[in-house]
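Biologist: I am new to this structure. Please take me through one part of it closely, the side chains in its helices and the loops between them, and give the cut-off for each term as you go.

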Amino acid sequence: MGHDANREPDDGRGPDGEQVHGLLSLVGVVLALVVGPVLWWWTDVTPPAAVLLTLVALVGAVTLASTNWRRASLRLVAALGVAILALMLVDVGRDVRAAQSLDEARSELGALRSAADSLESTVRETEESRAAALAKRVSALRTLAQEARGSDVGVGALADRADEVADAIEADDDERVASASARFARAVPASAAPVVVELQEAIEGAVGAFGSRSDASTANAQVEAALTRADAATGNQAGAAGEVDGAAVAVAVVRLRLAELRAELFGRPEDDTAVAEATDALTAALAATPRWAPQEVTVGTAFSAGARDVLVGGSSDPSDVRLVPEPATWVLLGLAALLFWRWVEKRSARQLPGPVRPTLTPYTPKDGGPDTADDQKAVFRAALLRNISEPAAVPGATALQSLTDLAELAPTGPTSWITRVATAVSHVLQAPVGYDVTAEVAPPAGGSTTGRFRVLVRISDRAGSRSDTVASVVGTTAVGACRTAGYWAAAAVLARSSRVPRWARWTPESARSLAAYDSANDVDAADSTWEELARAVAAAPDSGVLLHQWADWCDLHGRHLEALGLYARAVAAHPRFPAARYRLAVSLTMLASATRAGGGWCAGSADERARTVAQLRRACRGMGLGPQVDDHLVTLTAAEATEASTASGAVAGALFDHLRTSTRWWRIPWSGLRRSERDVFWPPGWEKLGERGAWSRARWVARSGALTHMARAGSSDLERERDAAITVARRRGSFWQLSYNVACSYALELAEQSARARNGGRPLSYDELVNRDRALEWLETVLERPGSTQMALDWLRADPDLASVRDHPRFAWVCAQVDDDEEA
């Protein structure tokens with residue numbers, strides 16, 4: 001059988017296809033989340049087009065991931081997508097509001113420019129009339145100075161000063177006018193003649209006319225400058241970038257300058273009032289919109305404006321409205337989004353094996369009986385929800401988080417009004433998902449308590465996407481029939497889910513054997529347990545969890561060669577089954593050590609060895625290791641025990657190397673891309689990350705497991721690898737199995753030293769006894785580490801790795817603690 005033949009199919013698609021689908025889903029979601037910002041910064045795409053493209057990308061990505069991702073992850077992606085869309089719409093709305101404000105500013109600015117143009121002629125006329133009046137005053141001043149100079153000799157100096165004032169006015173020199181006027185005023189005597197008084201009044205009039213002749217032109221120039229700055233602020237000039245804040249202030253400045261110009265031209269009271277009002281408006285504009293702060297637009301207003309702009313199609317004309325988001329439109333859009341999300345939730349939840357709602361109608365005989373109604377309900381519920389205990393990496397232990405445990409998916413009733421409200425809201429937002437499992441117990445004919453009880457089981461899909469599955473299960477007792485019905489229903493529910501690994505499934509046909517196996521466990525009947533497990537595996541020969549259970553049972557009862565073959569079968573059928581791969585390497589290491597002592601491979605028959613070798617080869621090919629197992633393991637003799645031990649130890653070393661490679665930091669996330677195995681390699685939440693997470697735990701358990709192989713083989717790398725493992729094992733949050741493997745490595749090293757001491761006829765040295773103390777110390781440390789409840793007492797007493805310390809009182813104390821924990 002080639003490597004390709006051992007690949008695990010999944011609904012007609014190989015694991016590579018499933019992994020590619022998971023990768024595409026991940027890449028699609030990432031691209032959908034970044035396409036919005038990328039398009040937003042790409043100036044060639046209009047904002048409405050960017051929003052619509054982002055929406056399409058998100059819908060496509062969520063649809064693609066709906067059959068591959070957990071609902072919690074989908075909700076997170078949807079929340080991020082909605083947040084991105086909302087931010088984009090708010091940004092669009094802010095731009096729209098800014099454009100509207102600029103349009104309003106430009107419109108008002110146009111009106112102000114028209115008013116300024118209408119005042120320009122008035123300014124020219126006013127300037128011309130004022131210039132003519134000034135010329136007349138200067139001419140009259142010169143004439144009066146000439147007359148004063150001829151009438152009285154003593155006034156000649158003052159007349160010269162008056163001519164200087166006239167010359168300065170005609171030269172249009174403000175400084176000369178002010179200087180000449182001052183010299184004339186200083187030269188006027190205290191008691192001046194009438195002609196001097198006339199001359200003084202003429203100079204004052206001329207100087208006053210000269211001072212007022214430029215007020216109108218100055219005000220007009222200020223208006224022109226304000227209009228130019230307003231054009232730049234509103235973006236009317238070529239190459240000018242409009243700013244809403246600058247536009248508001250610039251327009252207010254133009255208003256003020258126009259009011260001042262009117263006041264200068266006309267001098268009316270209402271013009272002075274307009275100047276005061278314009279000044280107040282400019283002060284308010286400066287206070288409300290500082291130049292360094294953005295325009296204050298509320299998020300709701302911006303979002304509404306952005307949504308309208310996108311729906312309208314980016315039209316800047318308010319009258320060009322093809323679709324206005326009125327309340328009815330928002331309701332329709334919200335309804336469409338709700339229906340889409342319920343469809344996504346239904347597609348995602350359809351991949352899960354739950355939630356499961358079990359309901360059993362028991363049989364209650366009139367005259368009573370051994371199987372009460374409560375017993376029937378409890379057994380049915382336990383078999384359905386708890387079903388098979390998924391094995392861990394130690395025989396007799398169960399996984400901390402079982403993939404087939406449906407109890408966590410079983411809903412509970414509301415306990416408070418808050419829970420009821422939350423449940424009602426969730427019913428609106430979420431589609432009905434899960435399964436209703438109903439069963440009814442029918443007694444034997446005639447209502448007897450002995451005979452064949454029949455349980456009619458019906459599995460209904462609450463989403464209505466699948467037809468009901470109905471079966472009739474029989475048993476010799478009511479409780480036995482209920483247990484078989486529960487296992488049958490659990491197998492049927494798990495078979496419908498694409499989120500359960502294939503190694504964790506079994507067939508409904510094996511329900512009767514599983515129920516008998518469960519019942520045998522209750523009474524601790526070893527032979528019956530083995531027989532029922534064998535029957536269950538025969539009904540589901542490719543069930544990894546059943547093969548692992550059977551192998552664990554063989555290991556616990558000393559049938560290690562048979563256990564190795566079963567582990568190999570599990571790995572050949574499911575090459576990525578983590579617990580089976582680990583147990584295969586450990587079991588082969590123990591078998592190699594036992595072979596050296598005349599057991600192990602030597603203890604099995606030729607047929608058994610041949611079958612196990614073939615199974616081991618298929619397992620190695622399934623993991624991509626190629627030919628690793630030598631044929632001489634089939635035909636070996638007692639004299640070849642050492643050679644067989646070395647050969648099988650080499651295979652075990654290759655398996656441990658493969659485990660270390662497959663648990664590297666980048667390999668585990670890559671394996672988690674497969675939908676059916678994601679809950680194994682990507683546990684929910686953040687506990688998978690960090691030095692105490694599931695990824696680090698898997699890596700260090702695989703690495704520390706190789707310590708037992710190194711200790712048996714006498715590897716020179718043992719101390720280095722063990723020191724690295726001890727560094728991690730000393731952390732209080734490290735997994736218990738890491739400390740357990742360190743203890744086993746010291747115990748194995750002690751066993752090798754004890755064998756050499758016995759062969760040499762000497763006692764153990766102090767340095768050799770240190771290994772015993774270290775093994776016991778780390779074994780006691782196991783009790784303090786997380787997950788130590790997994791450690792099974794049966795395996796602790798049977799583990800060959802700990803044989804060298806099993807007679808010590810401290811080992812007995814550890815067993816007593818584990819026994820107390822199991823009883824609790």
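Modeller: Helices are DSSP runs of H or I with at least four residues, strands are runs of E with at least two, and both are numbered from the N terminus. The model is predicted, so local features need pLDDT of at least 70 and side-chain atom pairs count only at pLDDT 80 or more, while totals for chains, interfaces and linings use all residues. Residues are numbered from 1 along each chain as its sequence is written, and side-chain values use heavy atoms, with hydrogens and water left out.

Start with Trp-506, which sits in the loop between α14 (478-496) and α15 (511-523). Trp-506 has a relative accessible area of 5% and is therefore buried; buried means under 20%, exposed over 50% and partly exposed in between, with a 1.4 Å probe and protein chains only. In sequence, 39 residues separate Trp-506 from Val-545, yet in space their C-alpha atoms are 7.8 Å apart.

Val-545 leads on to the charged side chains, since helix α17 covers residues 544-556. There are 12 salt bridges in the structure, a salt bridge being a side-chain nitrogen of Lys or Arg within 4 Å of a carboxyl oxygen of Asp or Glu. One of them pairs Arg-583 with Asp-555, and their closest N and O atoms are 3.1 Å apart. Because Arg-583 belongs to helix α19 (residues 578-596) and Asp-555 to helix α17, this pair ties together parts 28 residues apart in sequence. Arg-583 and Asp-555 are both buried.

A second pair is Glu-721 with Arg-703, a salt bridge of 2.9 Å from N to O. This pair also links distant parts of the chain, with Glu-721 in helix α26 (residues 718-729) and Arg-703 in helix α25 (residues 694-713), 18 residues apart. The partners differ in cover: Glu-721 is buried because its relative accessibility is 3%, whereas Arg-703, at 24%, is partly exposed.

Asp-717 and Arg-720 form another salt bridge, and the closest N and O atoms there are 3.4 Å apart. Asp-717 has a relative accessibility of 33%, so Asp-717 counts as partly exposed. Through shared partners, salt bridges join Arg-660, Arg-703, Asp-717, Arg-720 and Glu-721 into one network.
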